[in-house]
Amino acid sequence: MNTEQIKQTVEEHVLHTYNRFPVAFVRGEGMYLYDAEGKQYLDFAAGIAVHALGHAHPVFTEAVKKQVGTLIHTSNLYYHDQLAAASEKLAKAAEMDKVFFTNSGTEAIEGAIKAARKYAWLKDKKNDHEIIAMHNSFHGRSMGALSVTGNDHYQEPFRPLIGGIRFADFNDLESVKAQVNDRTCAIIIETVQGEGGIYPADPDFLKGLRQICDEKDILLILDEIQCGMGRTGYMFACQKYGVKPDIMTVAKAIGCGIPVGAFLLNKKTAENSLVPGDHGTTYGGNPLACCAVSTVLDIFEKEKIVEHVAETAPYLEKKLDELAGDVSWISGRRGAGFMQGLVVTGRPVGEVINAALEKGLLVISAGSDVLRLVPPLIADRPEIDKLCEILRAV
Ligand SMILES: *Cc1c(COP(=O)(O)O)cnc(C)c1O
């Protein structure tokens, strides 16, 4: 099928919830994707911050292939070897005590919300507990995750959402304090806001939240689904701040394309929240997903992926700052590591993305006016140079 045929067939049968770009991919390799006509695209989107290792990484591909022919699924009624490997490695990397595997990011958030409510319920057996979330946040599309997503446009048609959610302003500690009361059971934030427009948490804000949570026995939930797994030059973004969450959510890059997420709990939370009967999943943490996680973590270590990001990010930032200085339609840059946003002014960001696509570069947006750069973590100086060259030309 050529691009036009693929596009028409998809539009005929797939529910129209996405305005897709007019391109159809059939193959990927490293930093590049190829469309149905064989045109090559430099990938600075990574399937929305998923492909940390680039497309078709040979070691990853081999491991997953082998697992498919060995054991894909058992249910959670049994132990399996891949669950042992993945849980041990992920908990260690995240410096957390216990893991629950899910199939997506939004499910990880659902689990985090349930764990927080259970923790509070065990203390006073009341059903009035509240969670404080941030304006401009994004935590997913299922009802619980949507309820803590501070975006009216996403929420409005789907009300009533789950109750007991209050919103505060990101990076404004006083606004959070104003929402805290005796019923507060958790505060949830993205360590670096992604969809909202690439806003890293201020160190004082994050440390302040930790302090409030410690003082009042409130759980701090850090959503590292997008900013985690090496993207900021640390394995998890919160490690850069020296702040530990009570619950952490991860997804996107941990499976590098095999659908998997997880929520992780520290010891205190794990021992005082969910028990058998409280939560479950048929697929979550199946041998295929766990093999992906375990292999991704092995490759991260072997190929020093996090070190590479930390080492290369200053070059990316320098190049983007130069670009922002030279090009009239970019008014600023913000971000951390390989999670960067360019603020686009004076022209629609969609126009820039379409022009880049024409020239064989994949970039995406965040918020209303931000060009988001979340490349595979294997991106190096030549790809960064090419990125800037193409953006200059659009
Ligand atoms: C993508 C994302 C989610 C939702 O993950 P899905 O796998 O799409 O359900 C949640 N939180 C953040 C920060 C995200 O970037």
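## Domain interface and local features of a predicted model

The side chain of Gln179 makes a polar contact with the side chain of Arg166, at 2.9 Å. This contact, like every other value in this report, belongs to a predicted model. Gln179 is placed in the loop that runs between α8 (173-177) and β7 (184-190). Leaving aside residues up to four places away in sequence, Gln179 touches Ile132, Arg166, Phe167, Ala168 and Thr184. Arg166 therefore appears both as the polar partner of Gln179, under the 3.5 Å limit for such contacts, and among the residues that Gln179 touches.

### Division into domains

The protein is divided into domain 1, which comprises 3-57 + 305-393, and domain 2, which comprises 71-303. Domain 1 is thus written as two segments, whereas domain 2 is written as one. Between the C-alpha centres of domain 1 and domain 2 the distance is 26 Å.

### The interface

In terms of contacts, 26 residues of domain 1 meet 27 residues of domain 2. The size of an interface is often given as the accessible area lost when the parts come together. For domain 1 and domain 2, the area buried between them is about 2300 Å², and 65% of it lies on carbon and sulfur atoms. On the side of domain 1, the residues that lose the most area to domain 2 are Ile305, Val306 and Met339, which together account for 26% of what that side buries.

Polar links also cross this boundary. Between domain 1 and domain 2 there are 11 residue pairs in polar contact, both residues being at pLDDT 80 or more. Five elements each give two or more residues to the side of domain 1 that touches domain 2: α2 (46-49), α13 (305-326), β13 (330-336), β14 (339-344) and β17 (370-373). Of these, α13 gives the most, with four residues. By class, this side of domain 1 holds 17 nonpolar, seven polar and two charged residues.

### Salt bridges

The count for salt bridges comes to 24, and one salt bridge is found across the interface of domain 1 and domain 2. Two salt bridges are listed here by their side-chain partners.

| Salt bridge | N to O distance |
|---|---|
| Glu195 and Arg372 | 3.0 Å |
| Lys65 and Glu62 | 3.8 Å |

Lys65 and Glu62 both belong to helix α3 (residues 58-68), where they stand three residues apart, about one turn of the helix.

### Aromatic pairs

Across the whole structure, a search finds four aromatic pairs. In one of them, the rings of Phe25 and Tyr41 have centres 5.2 Å apart and planes at 90°, so the pair is edge-to-face. This pair links distant parts of the chain, with Phe25 in strand β1 (residues 25-29) and Tyr41 in strand β3 (residues 40-43), 16 residues apart.

### Backbone features

Two backbone features complete the account. Arg159 and Pro160 are joined by a cis peptide bond, with omega at about 5°. Pro160 is placed in the loop between α7 (152-155) and β6 (165-168). Ile48, although not a glycine, has a positive phi of about 60°. Ile48 is found in helix α2, an element that also gives two or more residues to the side of domain 1 touching domain 2.

Terms used:
Residues numbered from 1 in each chain as written. Predicted model: local features only at pLDDT ≥ 70, side-chain atom pairs only at ≥ 80, totals over all residues. Heavy atoms only, no water. Domains from an automatic or database assignment. Contact = heavy atoms within 4.5 Å. Buried area = accessible area lost by both parts, 1.4 Å probe. Salt bridge = Lys/Arg side-chain N within 4 Å of Asp/Glu carboxyl O. Polar contact = N/O pair within 3.5 Å; in protein donor to acceptor, adjacent residues only side chain to side chain. Nonpolar A, V, L, I, M, F, W, Y, C, P; charged D, E, K, R; others polar. Phe/Tyr/Trp six-rings, centres within 6.5 Å; stacked < 30°, edge-to-face > 60°.
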